Amino acid sequence: MATIQDIANEVGISKAAVSRILNKKGSFSKDTIRKVYRVAREMGYTLPEDIQAFEELDFKIIAAVLPLSNMAYYSMLASYLETAAYSYGYSLMICSSLFDSEKEEEFLNYLKERKINGIIYGSFSEGVKIDDTLPIVTIGYQMSKQIPVIRSDNYMAGVLAAKHLASKNCKNILYISGYQAGNHRDKRYLGLRESSKEPGLNIKAYFTEDYDGKKNIESIISNMFVENPQADGLFAESYTLAVKCLQVANNLGIKVPEQIKIIGYGNDSLSEYTYPKLSYIKENTELIAQKAIAQLVDMIEGNQVLTNESIIPVSIEQNQTT
């Protein structure tokens with residue numbers, strides 16, 4: 001269990017000052033008091049008066065509803081969101097939804113009852129009803145024209161992937177996606193498909209959601225490779241899928257990039273974890289988090305919101321798999 005000295009070391013003030021703040025004595029700035037209680041909570045240090053003290057201090061809290069399944073991307077996004085929220089004087093509460101629409105609705109209703117200041121919605125489950133009376137910004141998926149969205153230029157991601165693979169003389173290109181909202185809304189697929197309409201270029205897409213959980217991802221990827229021995233290029237919708245494709249190709253004795261070239265989608269922080277190092281369409285995840293928090297704070301504080309859609313540019317990072 002954390003001690004008062006641990007909290008003092010983390011906050012950067014004396015042990016005596018922490019003790020006086022936790023016992024609601026002395027005169028300290030509201031920012032210092034907030035920081036002490038935030039660090040105490042994170043370290044698991046509690047007092048009977050803890051909850052009451054938080055309410056009295058009128059803490060500003062933003063909730064982030066994220067899938068946080070087994071994908072490193074969402075953990076990284078949560079970290080960027082927390083940093084951005086803190087820079088505006090807000091704490092971040094993370095709610096893990098696991099792409100469960102019923103669970104997400106329960107979260108949203110609970111958060112409204114708890115008088116959370118605003119919500120970052122970073123999932124894309126179908127059929128979730130959003131009450132826009134509470135300030136809310138979505139990331140990646142536009143739920144309605146009334147709710148602002150911050151997202152990467154996903155269509156351009158598909159365009160860049162198609163052009164890059166074509167420049168490597170790929171003719172038979174596979175696409176694999178775990179996008180929950182369906183292929184008709186998968187902008188990365190649409191960009192790839194529309195950019196591949198030239199003679200001699202073939203696209204075949206696989207959507208893991210079509211299998212209704214009857215097969216694991218590795219089995220789907222294995223079948224994809226076996227069914228398409230002529231494939232010489234592959235674009236994976238996420239970095240996690242690209243890594244799995246690279247692993248399965250290796251297990252099947254398919255040489256990358258000699259026999260098939262693989263490109264994924266991710267960011268600099270994810271790119272260090274594979275060998276050979278993956279080529280990928282690069283997203284600016286940190287900027288997405290910063291813009292989402294900035295827009296939400298504007299809504300919370302009553303400032304004018306100039307746009308309901310912010311599109312963040314993407315680029316391509318060529319490495320060893322293409």
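Two residues are in contact when heavy atoms of theirs lie within 4.5 Å of each other. In this predicted model, residues 24 or more positions apart account for 68% of the contacts with a separation of 6 or more. The protein has 322 residues, of which 47% count as buried, and its secondary structure comprises eleven helices and twelve strands.

One open sheet consists of six strands in the order S2-S1-S3-S4-S5-S11, and its pairing is parallel. Its edges are formed by strand S2 (91–96) and strand S11 (309–312), each of which pairs on one side only. Neighbouring strands in this sheet are turned against each other by 20° on average, with direction ignored. Within the sheet, strand S1 (residues 61–66) is joined to strand S3 (residues 118–121) by four bridges, the two strands running parallel, and Ile62 has Gly118 in S3 as its bridge partner. Strands S3 and S4 pair in the parallel sense over three bridges, with Ile120 standing opposite Val137 in S4. The pairing of S4 with S5, likewise in the parallel sense, runs over two bridges, and here the bridge partner of Ile139 is Ile150 in S5. Four bridges then join S5 to S11, again with the strands running parallel, and Ser152 is found opposite Ile312 in S11.

The side chains of the strands in this sheet can be followed residue by residue. In a regular strand the side chains alternate between the two faces of the sheet. In S4, Ile136 and Thr138 point one way while Val137 and Ile139 point the other way, and all of these residues are buried. In S5, Val149 and Arg151 point one way and Ile150 and Ser152 the other, and these residues, too, are all buried. Helix H11 (residues 285–300) lies across S1, S3, strand S4 (136–139), strand S5 (149–152) and S11, and the helix runs at about 165° to S4. In the edge strand S2 is found Ser91, which counts as buried because its relative accessibility is 10%, under the cut-off of 20%. The C-alpha atoms of Ser91 and Ala63 are separated by 8.4 Å, although these residues are 28 residues apart along the chain.

A further open sheet of six strands has the order S7-S6-S8-S9-S10-S12, and its pairing is mixed. Strand S7 (202–207) and strand S12 (315–317) are its edge strands, each pairing on one side only, and the twist from one strand to the next averages 20°. Four bridges join S6 to strand S8 (residues 233–236), which run parallel, and Leu174 has Leu234 in S8 as its bridge partner.

The loop between strand S6 (172–177) and helix H8 (187–195) holds Asp186. Asp186 is buried yet has no salt bridge, and the nearest side chain of opposite charge, that of Arg188, is 5.5 Å away; this distance is beyond the limit of 4 Å that defines a salt bridge. The side chain of Asp186 does, however, make a polar contact with the side chain of Ser177 at 2.9 Å. Leaving aside residues up to four places away in sequence, Asp186 touches Tyr175, Ser177, Tyr179, Phe207 and Glu237.

Arg188 has a salt bridge with Glu237, in which the closest N and O atoms are 3.7 Å apart. This pair links distant parts of the chain, since Arg188 lies in helix H8 and Glu237 in the loop between S8 and helix H10 (239–251), 49 residues apart. Both Arg188 and Glu237 are buried.

In total, the count comes to seven salt bridges. One of these joins the side chains of Glu309 and Arg151 (2.8 Å, N to O), and the pair links distant parts of the chain, with Glu309 in strand S11 and Arg151 in strand S5, 158 residues apart. Glu309 is partly exposed, with a relative accessible area of 32%, whereas Arg151 counts as buried at 11% relative accessibility. Another salt bridge is formed by Glu218 and Lys244, whose closest N and O atoms are 3.1 Å apart. Glu218 lies in helix H9 (residues 217–227) and Lys244 in helix H10, so this pair ties together parts that are 26 residues apart in sequence. Glu218 is partly exposed, its relative accessible area being 34%. Finally, Arg193, Glu194 and Lys197 are joined into one network by salt bridges that share partners.

Terms used:
Residues numbered from 1 in each chain as written. Predicted model: local features only at pLDDT ≥ 70, side-chain atom pairs only at ≥ 80, totals over all residues. Heavy atoms only, no water. Pairing = 2+ DSSP bridges. Axes fitted to C-alpha atoms, helices over the stretch in contact; angles between N-to-C directions. Buried < 20%, exposed > 50% of the residue type's maximum accessible area, 1.4 Å probe, protein only. Lys, Arg positive; Asp, Glu negative; His and termini not counted. Polar contact = N/O pair within 3.5 Å; in protein donor to acceptor, adjacent residues only side chain to side chain.
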